[in-house]
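I opened the notebook to record what I looked up, one topic per entry. The helix packing comes before the strands.

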Amino acid sequence: MDTLPATSPIGMFRRMEAINDGITDRQLHLMCRARELHRIHHGVYLPYDVWDQADDLGRHLLLAKAIEMTHGPEIALSHTSAALAHGLRLYKPDLSKVHISGAHAFHGRRSRHVSYHDSRLTGEPIIGAHGLRVVDPVRAALETALVHDVRSGLVTLDSLLESGLGTREQMEAQYLKMAQWPGANHLQIAVRLAREGSGSVGESVCRYCFHRHGVPMPELQYPVYDQRGRLLGLSDFAWPKFGVLGEFDGRVKYDQLRRPGESPEDVVFREKQREDRMREATGWLMIRIVWADLQAPEQLAQRVLTQLDRGRRMRLAS
């Protein structure tokens, strides 16, 4: 393995580079059979362990790097592939093909691993994470929303705004350029719903559920203070008109909140105390939502509507 060429930090190389170094096709074949190498794309190899240890998202980026190596500099990753390279959040993404774009370069081309897009690149592609050539994040997010449904598109557009990689003005300007593209009818819904302040995939999916089933849209990351004006916390959702707070509880959220030396149970207990203090300070109701609730969106929407009605009646009675 020490004699193999490596044209990237992860040891990826092209067949022709190996041939030029005196390695035969038979040797490459035998190393693949021995699981020393993995043939990731036509004429491109990398160490088997690198491929084996990567998750689905990581494998997509590895494949994207391999495809980039076999194409000229006139192309850039686009759509879902570029969104992933930029670190934008995705929900149930289609990772079956790597998306690349270039000006009039791919008319009629088809590939098992690649989705080609004849699309003029405005300005130079920027270098994103993982050293890949990618379209800018605003365009990547809108293109991702274009090839997925509204729910998935909203997740990525929320992530764009929350990450600071794009502004609402930039997003809306890019949408106007794409509004007449084939299949863009649903895109305006995701653009209209996108908001800064959605801190996770689950929170964005919740808001799609609210939109789909007639729940009033909440304020996001709502600050709650005690009587001395000290910040007790930010609630994921708030309906001030109804006196209701909402929290989405996901595993990722608790992993992010976990302090050194804390157990998962410690985090849950601390979060419960925080929510109790927020309820006491406001006198409002609290609804907690977990991933399992999103599997039955109509029932979840009814739960939220019931709490909003209870909160409204409590306010009228006070």
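**Entry 1. H7 against H10.** I began with a pair of helices in this predicted model. H7 and H10 pack with their axes 9 Å apart, at an angle of about 130°. That angle makes H7 oblique to H10. I then looked up the hand of the crossing of H7 and H10, which is right-handed. On the H7 side the contact is made by Val150, Arg151, Leu154, Val155 and Asp158. On the H10 side I listed Val201, Ser204, Val205, Arg207 and Tyr208.

**Entry 2. H7 by itself.** I stayed with H7, which runs over residues 150-163 and has 14 residues. From its first C-alpha to its last, H7 reaches 20 Å, close to the 20 Å expected at 1.5 Å a residue. Is H7 largely enclosed by the rest of the structure or not, and how many of its residues are buried? I found eleven of the 14 buried, so H7 is largely enclosed by the rest of the structure. The buried residues of H7 are Val150, Ser152, Gly153, Leu154, Val155, Thr156, Leu157, Asp158, Ser159, Leu160 and Leu161. Four residues that make the contact with H10, namely Val150, Leu154, Val155 and Asp158, are also in that buried list.

I next asked what covers the buried residues of H7. The cover includes helix H5 (79-85), helix H6 (137-146), helix H8 (168-178), helix H9 (187-193) and helix H10 (201-212). After H7 comes Gly164, and I noted its positive phi, near 80°.

**Entry 3. H6 against H8.** Both of these helices are among those that cover H7, and I checked how they meet each other. The axes of H6 and H8 come within 9 Å and cross at roughly 55°. H6 and H8 are therefore oblique to each other. H6 passes H8 in a right-handed crossing. From H6, I noted Val138, Arg139, Leu142, Glu143 and Leu146. They meet Gln170, Met171, Gln174, Tyr175 and Met178 in H8. As a reminder on the spacing in such lists, an α-helix has 3.6 residues a turn, so residues three or four places apart point the same way.

**Entry 4. Strand E5.** I turned to strand E5, residues 98-102. Five of its five residues are buried, so E5 is largely enclosed by the rest of the structure. Which residues point one way from E5, and which the other way? Val98, Ile100 and Gly102 point one way, His99 and Ser101 the other way, and all are buried.

I then looked up the partners of E5. Strand E4 (residues 76-77) pairs with E5 in the antiparallel sense over two bridges, and here Leu77 stands opposite Ile100. Strand E6 (residues 114-118) pairs with E5 in the parallel sense over five bridges, and here Gly102 stands opposite Asp118.

**Entry 5. A three-stranded sheet.** I looked up an open sheet of three strands, which has the order E1-E3-E2 and antiparallel pairing. Strand E1 (13-14) and strand E2 (37-41) stand at the edges with a single partner strand each, so one side of each is left without a neighbour in the sheet. E1 pairs with strand E3 (residues 44-47) over two bridges, in the antiparallel sense. Phe13 stands opposite Tyr45 in E3.

Helix H2 (residues 25-33) packs on this sheet and touches E1, E2 and E3, its direction making about 105° with that of E2. Helix H4 (residues 56-69) also packs on the sheet and touches E1, E2 and E3; its direction makes about 70° with that of E2.

**Entry 6. Ala238.** I picked out one residue of strand E10 (residues 231-239), namely Ala238. Is Ala238 buried or exposed? At 1% relative accessibility, Ala238 counts as buried. I put aside its neighbours within four places in sequence and found Ala238 in contact with Pro218, Glu219, Tyr222, Val244 and Leu245. Met217 is 21 residues from Ala238 along the chain, and their C-alpha atoms are separated by 8.9 Å.

**Entry 7. The whole chain.** Last, I took down the totals. The secondary structure comes to 13 helices and twelve strands. The chain has 318 residues, of which 49% count as buried. Of the contacts with a separation of 6 or more, 56% are accounted for by residues 24 or more positions apart.

How values were computed: Residues numbered from 1 in each chain as written. Predicted model: local features only at pLDDT ≥ 70, side-chain atom pairs only at ≥ 80, totals over all residues. Heavy atoms only, no water. Expected span 1.5 Å × (residues − 1). Buried < 20%, exposed > 50% of the residue type's maximum accessible area, 1.4 Å probe, protein only. Contact = heavy atoms within 4.5 Å. Pairing = 2+ DSSP bridges. Axes fitted to C-alpha atoms, helices over the stretch in contact; angles between N-to-C directions. Parallel < 35°, antiparallel > 145°, perpendicular 65-115°, else oblique. Left-handed = near helix turned anticlockwise from the far one by under 90°.
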